[in-house]
Amino acid sequence: LIKQYENRNIPTEDEIAIELRKLIYLPNKAAEKAISEEILQRLIKLQQIHIKWYEILLCIFCAFLGAVLPIAELVYRKGLIYAGAVEEIKQFQSVIWLERRLEGLTIVRLLEDIEIFSVVFHPIIRECINSYSSGPREALQKMKIMGSMLHESFSDLADGFLAVEEVGMKEAFAEVENNRSMLEKMSQLEADIQMERKKDSTDFLSKIPMVLTVGVYFI
């Protein structure tokens with residue numbers, strides 16, 4: 001009887017009792033009622049375990065949310081690192097511009113000075129300082145490559161360090177001030193672009209209620 005009714009609407013106890021009498025003789029009414037109730041309970045449980053359409057949609061939504069959240073976290077952290085890298089490069093440029101004329105200033109000493117102001121670039125600068133004695137140019141080249149991955153403007157500073165041995169500290173960082181001004185302008189331009197994008201998104205979202213209202217009205 002359960003197999004007979006599992007893909008149909010749940011019957012009443014009387015309907016089950018009628019079908020039960022066709023299959024087996026039960027002189028005891030209490031036994032018949034107990035069997036009918038047991039069949040009915042099993043049919044109810046079978047129907048409850050079937051997957052509903054809204055459960056499928058909920059599963060898809062949860063899976064999508066579970067996939068998007070880590071990506072969103074990475075994008076957010078990337079934005080924080082990028083913003084921090086820009087500010088640190090500005091501080092590096094200021095320190096270099098102030099110290100580049102000092103007598104007896106060495107590359108390692110200058111790296112240690114800018115390391116004080118670093119958070120995002122700190123591991124890269126510290127690794128360069130530690131490996132500088134074993135191979136100065138190789139250490140600076142590696143610092144340039146690793147730093148450029150965080151922000152492209154770091155490569156200009158690294159090129160200055162690489163040029164110190166050839167042209168001296170003062171000439172190697174002669175363009176630091178211009179680079180700093182350019183970086184500030186680029187940062188301001190990026191901020192303006194982001195503001196325009198947010199404005200466009202806000203304008204689009206503000207029109208959604210009006211579109212929905214008009215759509216519902218026509219429907």
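**Exercise 1.** How many aromatic pairs does the count come to in this predicted model? Classify each pair and say which parts of the chain it ties together.

*Solution.* The count comes to two aromatic pairs.

Step 1. Take F92 and F121. Their ring centres are 5.9 Å apart and their planes stand at 65 degrees. Planes over 60 degrees apart count as edge-to-face, so this pair is edge-to-face.

Step 2. Place these two residues. F92 belongs to helix α4, while F121 sits in the loop between α5 and α6, so the pair ties together parts 29 residues apart in sequence.

Step 3. Take F121 and F154. Here the centres are 4.7 Å apart and the planes are at 10 degrees. Planes under 30 degrees apart count as stacked, so this pair is stacked.

Step 4. Place the second pair. F154 lies in helix α8 and F121 in the loop between α5 and α6, so parts 33 residues apart in sequence are tied together.

Step 5. Join the results. F92, F121 and F154 form one aromatic cluster.

**Exercise 2.** Are F121, F154 and S36 buried or exposed?

*Solution.* Step 1. The cut-off for buried is under 20% relative accessible area.

Step 2. F121 has a relative accessible area of 0%, so F121 is buried. F154, at 2%, also counts as buried. S36 has a value of 2% and is therefore buried.

Step 3. Look around S36, which is found in helix α3 (residues 29-48). Leaving aside neighbours within four places in sequence, S36 is in contact with E13, I16, A17 and L20.

**Exercise 3.** Which residues touch the most other members of the largest nonpolar core, and which helix gives the most to this core?

*Solution.* Step 1. The largest nonpolar core has 29 residues; L111, L140, M143, F161 and F173 touch the most other members.

Step 2. Helices supplying at least two residues each are α4 (53-99), α5 (107-115), α6 (122-131), α7 (136-150), α8 (154-167) and α9 (169-172). The most comes from α8, with six residues.

Step 3. Follow L140. Beyond its neighbours within four places in sequence, L140 is in contact with I107, L111, C128, Y132, F161 and L162.

Step 4. Another core, of five residues, lies apart from the largest one; I16, I39, L40 and L43 are among its members.

**Exercise 4.** Where in the protein is confidence lowest, and where is it highest?

*Solution.* Step 1. The mean pLDDT of the protein is 81, and 89% of its residues reach 70 or more.

Step 2. Confidence is lowest in helix α10 (residues 176-218), at a mean of 71, and highest in α6, at 91.

Note on methods. Residues are numbered from 1 along each chain as its sequence is written. This is a predicted model: local features need pLDDT of at least 70, side-chain atom pairs count only at pLDDT 80 or more; totals for chains, interfaces and linings use all residues. Side-chain values use heavy atoms; hydrogens and water are left out. A nonpolar core is a set of buried Ala, Val, Leu, Ile, Met, Phe, Trp, Tyr and Cys residues joined through side-chain atoms within 4.5 Å. Buried means under 20% relative accessible area, exposed over 50%, partly exposed in between (1.4 Å probe, protein chains only). Helices (H or I, at least four residues) and strands (E, at least two) are DSSP runs, numbered from the N terminus. Contact means heavy atoms within 4.5 Å. pLDDT is the predictor's confidence in each residue, from 0 to 100. Rings of Phe, Tyr and Trp (its six-membered ring) pair if their centres lie within 6.5 Å; planes under 30 degrees apart count as stacked, over 60 as edge-to-face and the rest as tilted.
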